[in-house]
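Here's a quick walk through a protein structure, taken one piece at a time. Keep the 3D view open while you read.

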Number of protein chains: 4
Amino acid sequence: MIAGLDDLTTVLRAFARERDWERFHNPKNLAMALAGEAGELVAEFQWLTPEEAEGLDPGRRERIAAEMADVLQYLVRLADVLNVDLLHATELKIADNAKRFPVDGSAGDAPKAR
Amino acid sequence: MIAGLDDLTTVLRAFARERDWERFHNPKNLAMALAGEAGELVAEFQWLTPEEAEGLDPGRRERIAAEMADVLQYLVRLADVLNVDLLHATELKIADNAKRFPVDGSAGDAPKAR
Amino acid sequence: MIAGLDDLTTVLRAFARERDWERFHNPKNLAMALAGEAGELVAEFQWLTPEEAEGLDPGRRERIAAEMADVLQYLVRLADVLNVDLLHATELKIADNAKRFPVDGSAGDAPKAR
Amino acid sequence: MIAGLDDLTTVLRAFARERDWERFHNPKNLAMALAGEAGELVAEFQWLTPEEAEGLDPGRRERIAAEMADVLQYLVRLADVLNVDLLHATELKIADNAKRFPVDGSAGDAPKAR
């Protein structure tokens, strides 16, 4: 039973060490691996209509959950080797976003004016 | 203070609801948003040597932490709208990987024979 | 006036050489840069409905064309440093796909059973 | 023999039409497919050292060329459905970059101050 992000960090660090993978897991490589997994995740959705994507069949749903797990694993490994506190960084970002997108001003607009 | 993934899920759900963003946050769109943020993350590393990526200057390190936070936020939102338990999915994937890459057989090999 | 992919290859090679960027343009870094640009491209579409994406406003259409140009530039640079003939590789892939997805058998099915 | 991008556009348009794939090939989906292929491409390089990536073994080199072909195919399809002239857009972007990164000022600096 993995209890949370700290626990997951410890488990994945040991997993890498036991397999002598630490030399592969430098920040640059882990960022690439995360991007690769994000590509696999987005590919699962590419030919689905928005409606199909909201009512996934069980097989695809399971593959998608596994791709999401892969993204999380590389994100956690990257945070570990960079000594980044993921939850703290996310708190900061949410606080920034709360200023950029105040509740009154932004309701109804797209999340990001890209 | 965000205590963990469950807490983050709740915070982000409220953040989206208050801004009327739920109609944008369907699974297909969230997967795209995650891929976009993964692209921004990998771009931070693209011209760095592996050595530079291991000794980041503070400004870049902060930008990278913020990109990682963005990836985590979309991953957690996607898990929420798909009703996927991220930690459970990750446990399953780690168990799979432990079988695919036993400690004795894989030490020294690249993490994945892609 | 750039006449085609060969011409573009020559132009981009000179562009990099004149700026002393060749040491950044190794295959690994160029693949990352391409993934980063693909992320920016997909991000342009992330909050659009399929209908909105088919009737883009001029500003977004121009940004999208610029992102597509960035993808092409890194793809051409990567092909150059790897000495890959892009059109030849694409011919081979199309021939493969023609076998995998014969006209009679696949009509009506999603392009790829991922 | 595919002679260039225009020719490739025509070939891929027919390929999609013959298989009734046009309804999948909307701009949003094609951007996702391109991002997915860019993810597969970057994944080929993720565990390689920069040196290994410059001296690829033949099997990996072939897989990489095939992934690059996939990126090109979706890029060309996307340009087709959006009616974007890829080479023209690239010319514009190169002209912009020539202004942003003049030869004298930027030599020795990283290609992009991201």
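Let's start with helix H2 of chain D, which covers residues 27–45 in this predicted model. Its 19 residues stretch 28 Å from the first C-alpha to the last, close to the 27 Å you'd expect at 1.5 Å a residue. And is H2(D) covered or uncovered? Mostly covered: 19 of its 19 residues are buried.

Now for the rings. Counting over all chains, the structure has 16 aromatic pairs. Two of them are set out here:

| Pair | Centre to centre | Angle between planes | Arrangement |
|---|---|---|---|
| A:Phe15 and A:Trp21 | 5.8 Å | 55 degrees | tilted |
| B:Tyr74 and C:Trp47 | 6.0 Å | 50 degrees | tilted |

Take the pair of A:Phe15 and A:Trp21. Why does A:Phe15 count as buried? Because its relative accessibility is 12%, and the cut-off for buried is under 20%. A:Trp21 has a relative accessibility of 6%, so A:Trp21 counts as buried too. These two rings also belong to a cluster: ring pairs link A:Phe15, A:Trp21 and B:Phe101.

The pair of B:Tyr74 and C:Trp47 crosses between chains. On one side, B:Tyr74 sits in helix H4 (residues 58–82) of chain B. On the other, C:Trp47 is in the loop between helix H2 (27–45) and helix H3 (50–54) of chain C. Both B:Tyr74 and C:Trp47 are buried.

Back to A:Phe15, since there's something over its face: A:Arg19, at 3.6 Å from the ring centre. Flip over to chain B and you'll find B:Arg19 with its charged end over the ring of B:Phe15, 3.6 Å from the centre of that ring.

Next up, chains C and D. How do you get chain C onto chain D? Rotate by 180 degrees, with 0.0 Å of shift along the axis, and chain C superposes on chain D with an RMSD of 0.0 Å. The two copies are therefore related as by a two-fold rotation axis.

Where do these chains touch? In all, 72 residues of chain C are in contact with 73 residues of chain D. About 5,900 Å² of area is buried between chain C and chain D, and carbon and sulfur atoms give 69% of that. Within chain C, the residues that lose the most area to chain D are C:Arg19, C:Lys28 and C:Met68, which together make up 11% of what that side buries. Finally, 100% of the interface residues of chain C are also interface residues in chain D, so the copies meet through the same surface.

Note on methods: Residues are numbered from 1 along each chain as its sequence is written. Chains are lettered from A and ligands numbered from 1 in the order in which they are written. This is a predicted model: local features need pLDDT of at least 70, side-chain atom pairs count only at pLDDT 80 or more; totals for chains, interfaces and linings use all residues. Side-chain values use heavy atoms; hydrogens and water are left out. Helices (H or I, at least four residues) and strands (E, at least two) are DSSP runs, numbered from the N terminus. The expected span of a helix is 1.5 Å times one less than its number of residues. Buried means under 20% relative accessible area, exposed over 50%, partly exposed in between (1.4 Å probe, protein chains only). Rings of Phe, Tyr and Trp (its six-membered ring) pair if their centres lie within 6.5 Å; planes under 30 degrees apart count as stacked, over 60 as edge-to-face and the rest as tilted. A charge sits over a ring if NZ of Lys or CZ of Arg is within 6 Å of the ring centre and within 35 degrees of the ring normal. Copies are superposed by least squares on the C-alpha atoms of residues with pLDDT of at least 70 in both. Contact means heavy atoms within 4.5 Å. Buried area is the accessible area (1.4 Å probe) that two parts lose on being put together, summed over both.
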